[in-house]
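Hello,

Here is the structure I promised to pass on to you. Have it open while you read, and I will walk you through what turned up.

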Amino acid sequence: MKALRLSLLPRIIIAIALGIGLGLIVPDGVTRLFLTFNAIFSQFLDFAIPLIIVALVAEAIGSIGHSAGKMLLLTVAIAYGSTVFSGYLAYFTGNAIFPQLIEAGQVDQLQAGPEALTPYFTIAMPPVMGVMTALILAFVLGLGVAHLESTALKNVIIDVKDIVSGVIEKVIIPLLPLYILGIFMEMASSGKVVGVLMVFIKIIGVIFVLHIFLLLLQFTIAGLVQGKNPIRLLINMLPAYFTALGTASSAATIPVTLAQAKKNGVSDGVASFTVPLCATIHLAGSTLKIVSCALALILMRGGTYDLGMFTHFILLLGVTMVAAPGVPGGAIMAALAILQSILGFTVEEQALMISLYITMDSFGTACNVTGDGAIALVVDKLLGHKARPAQEGGEVRDRE
């Protein structure tokens with residue numbers, strides 16, 4: 001019989017449940033074994049994050065840069081604007097609502113106390129460069145690849161990207177459930193997990209409502225620009241939404257997103273260019289989740305923040321998200337660096353961010369790819385293409 005294979009989301013949910021259950025019954029010595037693994041794994045994450053930024057962002061920027069012209073600039077501008085807008089939407093909504101849902105100092109209570117367990121040992125793995133150095137290097141290499149005729153540097157970057165992607169897919173992602181299991185074991189053993197999870201449930205509910213609002217707004221704008229019914233346009237994109245919901249992958253959903261964008265009347269050339277590009281650079285749903293969760297955790301630890309801090313975070317996050325598509329859990333992995341450098345997140349807070357994000361991963365991806373269809377509609381109209389009527393229904397037809 002074939003071994004039962006679970007996707008990342010079920011494994012994360014099982015890890016959280018097992019962590020809570022085991023943390024309540026196992027001896028402290030067993031919990032400390034998991035904390036020892038977590039300490040080593042977190043050191044490896046710190047080492048890997050700059051490499052992830054350099055490899056994935058440089059390759060993505062290099063590939064984007066090869067396609068010059070008005071369509072590229074227009075698509076990138078709209079996609080980045082949509083991503084940044086979703087970050088501000090999350091910030092202002094969270095700033096208004098979250099203080100009523102969250103008790104200040106919960107994370108401090110989670111981490112504090114003389115009975116807090118510690119790992120048996122850890123192994124230091126200093127990163128080869130800082131986060132900002134990695135991001136600047138990624139831009140320099142990516143832009144260099146885009147403008148050089150030689151393919152030598154391009155091939156090197158692609159090879160490094162493949163290596164780093166393999167590390168993420170074969171090492172980091174498979175071990176994440178075990179890492180999160182250890183985090184929740186420690187939380188359960190300290191007796192503070194229930195209150196934290198209840199806060200998380202409230203936050204997830206708010207984020208889901210924001211996702212729906214964001215999609216309605218995107219297609220309302222697209223409908224006004226195209227002079228079409230926005231609800232029909234959104235309904236036509238539902239196959240892409242549910243495909244992404246099942247795959248949790250923007251890349252895997254590209255064929256369906258492309259077919260549904262064409263069904264909405266987008267010209268073949270514009271759809272074939274904007275949909276794959278937006279799968280790389282447009283992560284409005286992911287940004288909305290990350291900003292919301294980050295703000296929630298700052299409130300939970302009783303920290304301070306302001307609009308300037310989150311403006312810095314949102315603008316840089318919109319660029320960093322280029323590294324995310326094509327790698328399971330890539331968005332939150334790419335964001336860990338600036339969560340630490342700008343918002344000052346600790347290792348445990350980063351682990352909580354991973355748990356929150358993975359819990360909603362499919363919904364964020366679905367929001368991303370569905371919004372790609374709205375961007376394709378806007379770009380098509382702004383480039384002066386004659387609109388074709390949107391087709392009824394949401395079925396995907398085979399196209400050659």
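Which residues of helix 11 are buried? They are Val270, Ala271, Thr274, Val275, Leu277, Cys278, Ala279 and Ile281. Before you go further, please keep in mind that this is a predicted model. Helix 11 covers residues 268-281, 14 residues in total. From its first C-alpha to its last it reaches 20 Å, close to the 20 Å expected at 1.5 Å a residue.

Helix 13 makes a nice second example. This helix runs over residues 307-320 and also has 14 residues. Its span from first to last C-alpha is 19 Å, close to the expected 20 Å. Buried in helix 13 are Phe310, Phe313, Ile314, Leu316, Leu317, Gly318 and Thr320. Have a look at the N-terminal end too, where Asp306 acts as a cap on helix 13. A side-chain oxygen of Asp306 lies 3.2 Å from the backbone nitrogen of Gly308.

Now for the aromatic rings. How many aromatic pairs does the structure hold? There are 11 of them. In one of these, the ring centres of Tyr88 and Phe92 are 6.2 Å apart and the planes meet at 20 degrees, so this pair is stacked. Both residues sit in helix 3 (residues 70-101), and because they are four residues apart there, about one helical turn separates them. Phe92 has a relative accessible area of 46%, so this residue is partly exposed.

Phe208 and Phe363 make another pair, this time edge-to-face, with 5.6 Å from centre to centre and 85 degrees between the planes. This pair links distant parts of the chain: Phe208 belongs to helix 7 and Phe363 to helix 16 (residues 361-382), with their positions 155 residues apart. Phe208 is partly exposed, at 38% relative accessibility, and Phe363 is partly exposed as well, at 33%.

Ring pairs also build a cluster, made of Tyr88, Tyr91, Phe92, Tyr305, Phe310 and Phe313. You have already met Phe310 and Phe313 among the buried residues of helix 13.

Next, the surface. Phe208 and Phe363 come back here, as parts of a nonpolar surface patch of about 780 Å². The other members are Val209, Ile212, Leu216, Ile231, Ile235, Leu238 and Phe242. Which helix gives the most to this patch? Helix 7 does, with four residues. At least two residues each come from helix 7 (193-226), helix 8 (230-236) and helix 9 (238-247). Val209 is found in helix 7, and its relative accessibility of 54% is why this residue counts as exposed.

For a contrast, try Asn236 in helix 8. Is Asn236 buried or exposed? Its relative accessible area is 1%, so Asn236 is buried. The side chain of Asn236 is joined to the side chain of Asn264 by a polar contact of 2.9 Å.

One last place to visit is Asp162, in helix 6 (residues 152-189). At 45% relative accessibility, Asp162 counts as partly exposed. Its C-alpha atom is 9.9 Å from that of Glu59, although the two residues are 103 apart along the chain.

Happy exploring, and do write back with any questions.

Best wishes

Definitions and conventions: Residues are numbered from 1 along each chain as its sequence is written. This is a predicted model: local features need pLDDT of at least 70, side-chain atom pairs count only at pLDDT 80 or more; totals for chains, interfaces and linings use all residues. Side-chain values use heavy atoms; hydrogens and water are left out. Patches are made of residues with over 30% relative accessible area and no salt bridge: like charges are joined within 9 Å, nonpolar side chains (Val, Leu, Ile, Met, Phe, Trp, Tyr) within 5 Å. Accessible areas come from the Shrake-Rupley method with a 1.4 Å probe; for residues, only the protein chains shown count as cover. A salt bridge is a side-chain nitrogen of Lys or Arg within 4 Å of a carboxyl oxygen of Asp or Glu. Buried means under 20% relative accessible area, exposed over 50%, partly exposed in between (1.4 Å probe, protein chains only). A polar contact is a pair of N or O atoms within 3.5 Å; within protein, one must be able to donate a hydrogen and the other to accept it, and residues adjacent in sequence count only if both atoms are side-chain atoms. Rings of Phe, Tyr and Trp (its six-membered ring) pair if their centres lie within 6.5 Å; planes under 30 degrees apart count as stacked, over 60 as edge-to-face and the rest as tilted. The expected span of a helix is 1.5 Å times one less than its number of residues.
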